[in-house]
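This report walks through one protein chain, from a record annotation to a single helix, then to cysteines and charged pairs. Please keep the structure in view while reading.

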Amino acid sequence: NLAMDNINQTRVTEFIIVGFPGLQDSQSKSVLFAVFLTLYLIIILGNLLLIGIFAADAGLHTPMYMTICNLAIIDITLPTFTVPTMLNVFRSASYAVPLPACFIQTYFFLALGCVECFILLIMAYDRYLAICHPLHYPIKMSPKFTFKLIIISWLGGFLCPLSPVIMGMTKPYCGPNKVLQCFCDFSGVLRLACADIVLTSYVALAVAMCVLLIPVFFILLSYLKIVKSVLHISSPEGRIKTFSTCSSHLLVISVFYLTAAGVYISYRIPEASVDLRIFGAVFQNVFPPLMNPIIYCLRTKEIRASLLKTQDEVVWGEDACKKASMDDTNQTRVTEFIIVGFPGLQDPERKAILFVVFLTLYLMILLGNLLLIGIYVADSGLHTPMYMTIFSLAIIDITLPTCTVPTMLNVFRSATYAVPIQACFTQTYFFLALGCVECFILLIMAYDRYLAICHPLHYPTKMSHRFTLKLITICWLGGFLCPIPAFSLGMTKPYCGPNKVLQCFCDYSGVLRLACADIVLSSYVALAVGMCVLFIPMFFILLSYLKIIKSVLQIVSSEGRFKAFSTCGSHLLVISIFYLTAAGVYISYRIPGNSVDLRIFGAVFQNIFPPLMNPIIYCLRTKEIRASLLKTFNVGRFY
């Protein structure tokens, strides 16, 4: 079909990656960009978490977990070779890749896929030896031998695709140069060659069949022998317990091979559209790396235990974890939680000082943000998109401390302060929800500044009042929806003692740790939501400011550059305070020598400091707000 035209012999030097032919409009591409960026970040975080658990716990340095760690490494590197290309395709009108770079991407994609097949085979062999030959397992599957097998898998995986890739790369490419895929797919690129590709196709097919089917055969053989051995066990409990050690591996194998089979079937259905086939290939690229860490963390008892142990020891210290451990003999249901406050500051004199300090700070927060809201309401000249977001931020900066500071004040003015379990979870929900809303509002503010500086002519139409109001509404709805899964999972747990929360208010992690049931799923859901809410907005904020800096540097005069960038000064300070206080809390929890009081103070500081500083920053650094304030108080004549 693609016979060479003898008249036109121009060699192709780059390929254009089309993406989804039926989804070329900018709105569809924006949605695809956001979806795949989110999935990619979740893949990276999930697999890094798995690698971190393996590295931190010496008890997991066994053959089985060595292979899981290698699978996590593959699940990071394989999407890293393809997803960035997809993101570039989705964010640009047309995306071209140089021919050598395209074949390098193709080679690593195929090589890492081969390595994954071989690693899955080693995992099956490991389970076969552990169940069918348990006495010989420590000798036959020693860490040294496992390491050798893993090295052979990586070498073999990178050798297998060499022949077809070299044959494909040496073909002449003289047009067309559009690859109907979201990345450089070998078959899609090879189809564009203006030479005979029959031999190359057969070599590629032979390698693929060997790499896929030979491991599948031995994996099935291993599990047939495992099933046979399990059925010889007399008790049903013993059979379930033995076979459960393979369940995670079986799920991972099923996900890998079923997605591959789905792609194969989609290409064999004549009625299937090109978009559907491309989606199948992309799904195969993204879904297994996304699911594998979830499967292993949820279904592997040792990984769950190691994660919880590491989390508790790092966050609260070993002694605090021992004190907070549940007494199995006491199963009375808890109806209220006692908020401890600062364990090292329990004497009345210190509590009185803390009460006065936090009451003063709370009143300052209320006055400052009410002043900001009053200025916005009184001056119609400030009813612009930028100040609408500042107004929303001021509302958050009033409501968020109002959810927590009254509890702190009650803790500081009484010997013991108990909160009913329902009220405690209500406070937790609003605290998390308002924190999510704040992250999203900061993202809108960054987008507003990006449009104002990088696209000033389009700013009035793209960032209209109506559109800004829609964005703010979405932020509030999204912020209040995000914590619902984690909150619901936490609230439905049984609480039977102890009931002391080591915090100055009802903190989600502090309360959840008191549950007398498995909290692994709740912890993972909360962690996933927290990471997404924090890091996805932060990524887009950084991207916006990189583009702003690029635009500002193109301004000729230094005065123009300073003026343009000064419009972002207040927002940058607010973002810095928000994320630096969050980072400070994170660091304080990761330093083992820190006292519980210091960690609690970090969380309280993060709750108080940004709402206190934001109105000060906007009133001092924003010229329009200063002018409006002077006008409102009728003191402008003195200046």
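According to UniProt, in an unreviewed entry, the feature "domain: G-protein coupled receptors family 1 profile" lies at residues 46-296 and 368-618. The model examined here is predicted, and every value below was computed from it. Over residues 46-296 the chain is 78% helix and 2% strand, and the C-alpha atoms at the two ends of residues 46-296 are 10 Å apart.

**A helix with two sides**

Helix α18 runs over residues 465-481. With its 17 residues, α18 reaches 24 Å from its first C-alpha to its last, which is close to the 24 Å expected at 1.5 Å a residue. Which residues of α18 are buried? They are T468, I472, C475, G478 and G479. Because these buried residues cover an arc of only 130 degrees around the axis, they are on the same side of α18. On the other side of α18, the residues R466, I474, L477 and L481 are exposed. The cover over the buried residues of α18 includes α15 (385-413) and α16 (421-454), and helix α16 returns below as the place of a bonded cysteine, C424.

**Cysteines that are bonded**

A search of the whole structure finds four disulfides. When the bonded cysteines are counted along the chain, the disulfides of the protein follow the pattern 1-3, 2-4, 5-7, 6-8. Among the four is the pair C102 and C184, with sulfur atoms 2.0 Å apart. The torsion about the S-S bond of C102 and C184 is about -115 degrees, so this disulfide is left-handed. The pair links distant parts of the chain, since C102 is in helix α3 (residues 99-132) and C184 is in the loop between β3 (178-179) and α7 (186-190), 82 residues apart. Both C102 and C184 are buried.

Another of the disulfides joins C424 and C506, whose sulfur atoms are 2.0 Å apart. The link of C424 and C506 is left-handed, with -115 degrees about the S-S bond. This pair, too, links distant parts of the chain: C424 is in helix α16, while C506 is in the loop between β6 (500-501) and α20 (508-512), 82 residues apart. C424 has a relative accessible area of 1% and is therefore buried, and C506, at 0% relative accessibility, counts as buried.

C496 and C516 also form a disulfide, with their sulfur atoms 2.0 Å apart. C496 is in the loop between α19 (484-491) and β6, and C516 is in the loop between α20 and α21 (520-553), so that the pair links distant parts of the chain, 20 residues apart. C496 is buried because its relative accessible area is 2%, and C516 counts as buried because its relative accessibility is 16%, the cut-off for buried being under 20%.

**Cysteines that are not bonded**

Why does C114 not bond to the closest cysteine sulfur, in C160? The sulfur of C114 is 4.9 Å from that of C160, which is too far for a bond, because a disulfide needs sulfur atoms within 2.5 Å. C114 counts as buried, at 7% relative accessibility. C117 is likewise in no disulfide, and the nearest cysteine sulfur, that of C114, is 6.4 Å away. With a relative accessible area of 2%, C117 is buried.

**Charged pairs**

Side chains of opposite charge can pair when their charged atoms come close. The count in this model comes to three salt bridges, which are set out in the table.

| Salt bridge | Closest N to O distance |
|---|---|
| R127 and D126 | 2.7 Å |
| D347 and R350 | 3.7 Å |
| D448 and R449 | 2.7 Å |

Are the residues of these pairs buried or exposed, or something in between? R127 is buried, and so is D126, and both D448 and R449 are buried as well. D347, by contrast, counts as partly exposed because its relative accessibility is 27%, and R350 is partly exposed because its relative accessible area is 42%.

Definitions and conventions:
Residues numbered from 1 in each chain as written. Predicted model: local features only at pLDDT ≥ 70, side-chain atom pairs only at ≥ 80, totals over all residues. Heavy atoms only, no water. Salt bridge = Lys/Arg side-chain N within 4 Å of Asp/Glu carboxyl O. Buried < 20%, exposed > 50% of the residue type's maximum accessible area, 1.4 Å probe, protein only. UniProt positions renumbered as here; feature names shortened; annotations may be inferred. Helix = DSSP H or I, 4+ residues; strand = E, 2+ residues; numbered from the N terminus. Expected span 1.5 Å × (residues − 1). Arc of directions from axis to C-beta. Contact = heavy atoms within 4.5 Å.
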